[in-house]
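Okay, thanks for coming, everyone. I'll put the sequence and the structure up on the screen, and then we can walk through a few parts of it together.

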Amino acid sequence: MSYLMSNYAPLEVSFVKGKGCYLVDSKGNQYLDALCGVGVTGLGHSHPEISRAIQSQSQKVIHTSNWYHIEHQETLAEKLCKLSKMDKAFFGNSGAEANEAAIKIARLHGHANNIDNPIILTANQSFHGRTMATLSATGNPKVQAGFYPLVSEFIHVDFNDVNAIKAHTNNANIVAVMLEPIQGESGVIIPKEDYLNQVQSICQANDWLLILDEVQTGIGRTGKLFAHQYNKITPDVLTLAKGLGNGVPIGACLAKGKAAKLFQPGSHGSTFGGNPLVCKTALAVLGVIEQDKLLKNATEMGRYLTSNFEAKLTNSNQVAEIRGKGLMIAIELNQDCSSLLNAALEKKLLINITGQSIRLLPPLIIGKAEADIMINTICELIDAL
């Protein structure tokens, strides 16, 4: 009997340790981790500098409270803001909390402009979290099922369709557009190159905030520190989590300009958010990414993986499309491929299946040896379907 609630359906494996790109289970078997805890452990497992940062800080002070100044929090806020060209930062514990903060900023923006019923445009097939507000912002009825009534102040439009957003410019209650630069949970859906630029122009023309959810795409996942940097734009609000702590729970909501001035003392908060331990760890993560040139590695290894998948699977009747940006990759099949999850596990490879796509989020430290294992194993699995 398990005393855990049944909201998860874990695979029949339990990991007890890890190093670099690999995990080891309770029976001593080694697995190549091509999922990174769903895009979290970008520096791999047991990274020495991250372990040192955690150990060192845990021996000093782990938690105080945001009632007091937290030096590492202020240092991390400054570093993230300078890297992203933003002005202010709020820290929570997860991507959902970061997105909740962004939604609250959008609401405050609306009320500051005398809009009593502020509405945010989000995309169909998006994913923004599992809290009631972020679930409502998510454009996927499957994950919303059973939780109605939802928070009503969201309108979902088709992703990668600028006209779908333009169609709402006559709605005086719209205050923001909230998008993932690349939709991760729906299978690494990459929009047209100028999509975000056009969306930003619409937002600026209508005094809407542009909120970019980079919980999955941020912190080097796509080969840039933030995916929106490919478009050479800066959003009004930017949310981060996953890779920022390399497994230590941290989320960040960054804002610039008028959006950065809307939170006032008492308007928002978090008990654990931004404590000394998580902020020291996040600073170490950013340091390693820069020091080890992992953005370059993510770009190069992403190209290596996608080009090899394209070459090896070009004649496969089962592959509909291969999509990728840096180390955010999906292979979409023309049939159900859920069986591949356990099939990959048997071959000691950890992947994810979303819809009819194999999703790969390997660590930023991956080398060609690990990439070749991924390529060969996945091609074998597809051939055997």
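I'll start with the sheet, go on to the helices packed around it, and finish with one leucine. Keep in mind that this is a predicted model.

So, the sheet. It's an open one with seven strands, and if you read across, the order is β4-β10-β9-β8-β7-β5-β6, with mixed pairing. Look at the two ends: β4, residues 88–92, and β6, residues 154–157, are the edge strands. Each of them has a single partner strand, so one side of each is left without a neighbour in the sheet. From one strand to the next, the twist averages 20°.

Let's zoom in on one pair. Strand β8, residues 209–213, and strand β9, residues 237–240, run parallel and are joined by three bridges. If you want a spot to click on, take L212, whose bridge partner in β9 is L238.

Now, what lies across β4, β9 and β10? That's α3, which runs at about 125° to β4. Then there's helix α4, residues 95–112, which also packs on the sheet. α4 touches β4, β5, β6, β7, β8, β9 and β10, and its direction makes about 25° with that of β10.

Back to α3, because it has a helix partner as well: the axes of α3, residues 71–84, and α9, residues 276–291, come within 8 Å and cross at roughly 35°. The crossing is left-handed. On the α3 side you'll find H72, Q73, T75, L76, K79, L80 and L83, and they meet P276, C279, K280, A282, L283, L286 and E290 of α9. Sort the residues of that contact by type and you get eight nonpolar, three polar and three charged.

Last stop, the leucine. L305 sits in helix α10, residues 294–313. Is L305 buried or exposed? It's buried, with a relative accessible area of 0%. Leaving out residues up to four places away in sequence, L305 touches L327, I329, P362, A371, M374 and I375.

Some of those names come back in helix α12, residues 368–383. The buried residues of α12 include A371, M374 and I375, along with E370 and T377. As for its length, α12 has 16 residues and reaches 22 Å from its first C-alpha to its last, close to the 22 Å expected at 1.5 Å a residue.

That's my tour, so over to you.

Definitions and conventions: Residues are numbered from 1 along each chain as its sequence is written. This is a predicted model: local features need pLDDT of at least 70, side-chain atom pairs count only at pLDDT 80 or more; totals for chains, interfaces and linings use all residues. Side-chain values use heavy atoms; hydrogens and water are left out. Axes are lines fitted to C-alpha atoms, for helices over the stretch in contact, and angles run from 0 to 180 degrees between N-to-C directions. Helices (H or I, at least four residues) and strands (E, at least two) are DSSP runs, numbered from the N terminus. A crossing is left-handed if the near helix is turned anticlockwise from the far one by less than a right angle, and right-handed if clockwise. Contact means heavy atoms within 4.5 Å. Ala, Val, Leu, Ile, Met, Phe, Trp, Tyr, Cys and Pro count as nonpolar, Asp, Glu, Lys and Arg as charged, and the others, Gly among them, as polar. Two strands pair if DSSP finds at least two bridges between them. The expected span of a helix is 1.5 Å times one less than its number of residues. Buried means under 20% relative accessible area, exposed over 50%, partly exposed in between (1.4 Å probe, protein chains only).
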